[in-house]
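Reader: Before I rely on the labels used for this entry, I would like to see the reasoning behind them. Please show the model first.

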Amino acid sequence: MDTAFAPAYAGKLPDVGTTIFTVMSALAAEAGAINLSQGFPDFPPPAGLLDRVVHHLRAGHNQYAPMAGLPALREAIARKTLDLYGHVADPDDEVTVTSGATEALYCAIESLVGPGDEALCLDPAYDSYDPAIRLAGARPVHVPLAAPGFGIDWGRLRAAITKRTRLLILNTPHNPTGAVLSADDMANLAQLVAGTGIALIGDEVYEHMVYDGRRHESLLRYPALAARSLVVSSFGKTYHATGWKIGYCVGPRELMAGFRRVHQFVQFCVATPLQWALADFLQSDPAHHRELPAFYAARRDHFCARLEGSRFRVTPSAGTYFQLADYSAITDEDDVAFARRLTTQYKVAAIPVSVFCAAGPPRHLLRFCFAKELATLDRAADILCAI
Ligand SMILES: Cc1ncc(COP(=O)(O)O)c(C=O)c1O
């Protein structure tokens, strides 16, 4: 190789490997294991939604969509945020359709921080935040959530704020722990950021998966917080269509203008027939997202009940479609080693929680995805109960 060229090969993020989701799903496929690792359903999207996609493909909606998203879809999103959170978003310049929540998070981070800035993440943290912060030239600052409930330690978070802090990323309902923020948390948050220049990103991709009578505490419910927030959601999660990679971002026009400056050169626009189909379906079938909590709570309850006969210890998730399980009664192995062995030897794949933590990870926790047919959960539970 030309030695003058070689240094460029180090590229960006030289310390970053392949994400755990790809690693565990590949291992699961290789081992023929039941895949409860990566977060995706094994059941299809609603039939009516698939019909709308086919319709729009056939109707010739196959060319570039507008950069910010189809107006019909942005209007439907704005109606939904008003209906659910009482938040008024102008579809023209406060809503953008993105290529999944991942793209939205990336564009939000790039638009809000740069060299010299610090961005706060709460660990365990979804794995795209830290690299996106570093790609923006900013410094990620990781603050652990308080085990075992994984609530925010407000004193510790406050202590991590410096004059360079520009961003705090919040994820509720929380992947991987299933924790959800409460109204009290939102009051603490409002106090924490009042009078500061700290912007917020709300990763709310599991907004419709909140259980046991709790309500989703969207940043959009709180005008003082919404005014400094970019809030991200995922149609992939809501409509059992993670492979479509379509989501959106809602935020005040000043922040959204910066967001779109990045989005237009990262993605420009998102698959047109999917946007038409989702615009139709949001309008015709709002019952889908309203019924999602009961739909997933039944799966969570089923999985937890089946694990009662096992040596895994679970506290039912408050939200998301993930369930944490403590396996310390089985082995002292670290979670990465045990997750690998569970996949290759026992044929059930899960995600080790430590990979979401930059420092001080919990040691004996695995994350299982219960967005599966009950028969899939039963097959996995039979195996887990025999360990
Ligand atoms: C917390 C969190 N944020 C963002 C994403 C990415 O969502 P999408 O598939 O829409 O890009 C996921 C997906 O698993 C997630 O769990």
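**The ligand shell and a helix pair**

Author: Five nonpolar, five polar and three charged residues make up the shell around the ligand. Keep in mind that this is a predicted model.

Reader: What makes a residue part of the shell around the ligand, and which come nearest?

Author: A residue counts if one of its heavy atoms lies within 4 Å of the ligand. There are 13 residues around the ligand, and Thr 102, Asp 203, Tyr 206, Ser 234 and Lys 245 come nearest. Helix 4 (residues 100–112) supplies the largest share of the shell, four residues.

Reader: Why is the pair formed by Asp 203 and the ligand called a polar contact?

Author: A polar contact is a pair of N or O atoms within 3.5 Å. A polar side-chain atom of Asp 203 is 2.6 Å from a nitrogen atom of the ligand, so the pair qualifies. With Tyr 206, the polar side-chain atom lies 2.6 Å from an oxygen atom of the ligand. For Asn 175, an N or O atom of the side chain is 2.8 Å from a ligand oxygen atom. On its own the ligand has 390 Å² of accessible area, and the protein covers 93% of that.

Reader: How do you know whether helix 2 is oblique or parallel to helix 11?

Author: Helix 2 (residues 47–58) packs against helix 11 (residues 272–284) at an angle of about 135°, with the axes 8 Å apart. Roughly antiparallel requires over 145 degrees, and roughly perpendicular covers 65 to 115. The angle fits neither range, so helix 2 is oblique to helix 11.

Reader: Which hand does the crossing of helix 2 and helix 11 have?

Author: The crossing of these two helices is right-handed.

Definitions and conventions. Residues numbered from 1 in each chain as written. Predicted model: local features only at pLDDT ≥ 70, side-chain atom pairs only at ≥ 80, totals over all residues. Heavy atoms only, no water. Polar contact = N/O pair within 3.5 Å; in protein donor to acceptor, adjacent residues only side chain to side chain. Areas by Shrake-Rupley, 256 points an atom, 1.4 Å probe, with all protein chains shown as cover. Nonpolar A, V, L, I, M, F, W, Y, C, P; charged D, E, K, R; others polar. Axes fitted to C-alpha atoms, helices over the stretch in contact; angles between N-to-C directions. Parallel < 35°, antiparallel > 145°, perpendicular 65-115°, else oblique. Left-handed = near helix turned anticlockwise from the far one by under 90°.
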